[in-house]
Amino acid sequence: EISACLVGSEMCIRDRYGAMAEFIGDGLQDDLKQVQILYQTINKKIEARMQKLKERDQLFEKNYKLVEKFTTKKVKLDVGGKLFSVNKDTLEKEEGFFSAMFSGRFSLQKDEDGSYFIDRNPFYFEVILDYLRTGKIYISKFSSEEQKELREEIDCLLYTSP
């Protein structure tokens with residue numbers, strides 16, 4: 001067994017009995033310092049890479065949860081004869097018809113295709129669904145009569161109107 005020691009400004013190597021085996025001169029000490037610097041540099045690079053991998057794993061976990069959220073709570077709705085696929089969480093964002101519908105207080109019946117039938121106007125439902133997804137509604141693109149009809153649909157399906 002051999003161990004290193006420092007005598008003055010020189011490095012020495014001791015064997016297992018503690019006797020000085022040989023002195024390492026200044027040239028070898030410089031080499032040792034360079035090896036230590038190289039080790040520290042490599043260690044910093046490894047730590048930086050480990051941090052990037054940790055951040056990547058966190059991002060992956062976040063994205064995995066989003067994918068799981070948006071693929072496991074899919075609901076099919078037949079609104080006035082038009083099929084819509086939507087995440088259940090989207091429908092429950094606002095208090096209203098859908099939060100009550102999926103509250104568990106009602107016995108819901110699915111059609112043969114697995115959809116829930118909603119006897120409402122699909123044209124306006126699409127606008128309301130976009131509002132639930134984005135939080136934005138663009139009423140100005142509708143005529144005054146369409147705005148009135150849209151408002152009626154919003155009042156029916158959402159307790160809080162945008």
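**Exercise 1. Describe how much of the protein chain is buried and how its surface is made up**.

Solution. Buried residues account for 23% of the 162 residues in the protein chain, where buried means under 20% relative accessible area. The model is a predicted one, and the accessible surface computed for the protein chain comes to about 12,000 Å², of which 53% belongs to carbon and sulfur atoms.

**Exercise 2. List the secondary structure of the protein chain in order**.

Solution. Begin with the totals, which are 5 helices and 6 strands. Then follow the protein chain from the N terminus, where the elements run β-β-β-α-β-β-α-α-β-α-α.

**Exercise 3. Work out the order of the open sheet of 3 strands, and explain why strand 5 and strand 6 each have one side without a neighbour in the sheet**.

Solution. First, the strands of this open sheet lie in the order 5-4-6, and their pairing is mixed. Next, strand 5 (82-87) and strand 6 (116-118) stand at the edges with a single partner strand each, so one side of each is left without a neighbour in the sheet. Finally, neighbouring strands of this sheet are turned against each other by 35 degrees on average, direction ignored.

**Exercise 4. Examine the pairing of strand 4 with strand 6, and then find the helix that packs on the sheet**.

Solution. Strand 4, which covers residues 74-79, pairs with strand 6 in the parallel sense over 3 bridges. Within this part of the sheet, V79 stands opposite I118 in strand 6. The helix is helix 4 (residues 122-134), which touches strand 4 and strand 5, and its direction makes about 10 degrees with that of strand 5.

Terms used: Residues are numbered from 1 along each chain as its sequence is written. This is a predicted model: local features need pLDDT of at least 70, side-chain atom pairs count only at pLDDT 80 or more; totals for chains, interfaces and linings use all residues. Side-chain values use heavy atoms; hydrogens and water are left out. Two strands pair if DSSP finds at least two bridges between them. Helices (H or I, at least four residues) and strands (E, at least two) are DSSP runs, numbered from the N terminus. Axes are lines fitted to C-alpha atoms, for helices over the stretch in contact, and angles run from 0 to 180 degrees between N-to-C directions. Contact means heavy atoms within 4.5 Å. Buried means under 20% relative accessible area, exposed over 50%, partly exposed in between (1.4 Å probe, protein chains only). Accessible areas come from the Shrake-Rupley method with a 1.4 Å probe; for residues, only the protein chains shown count as cover.
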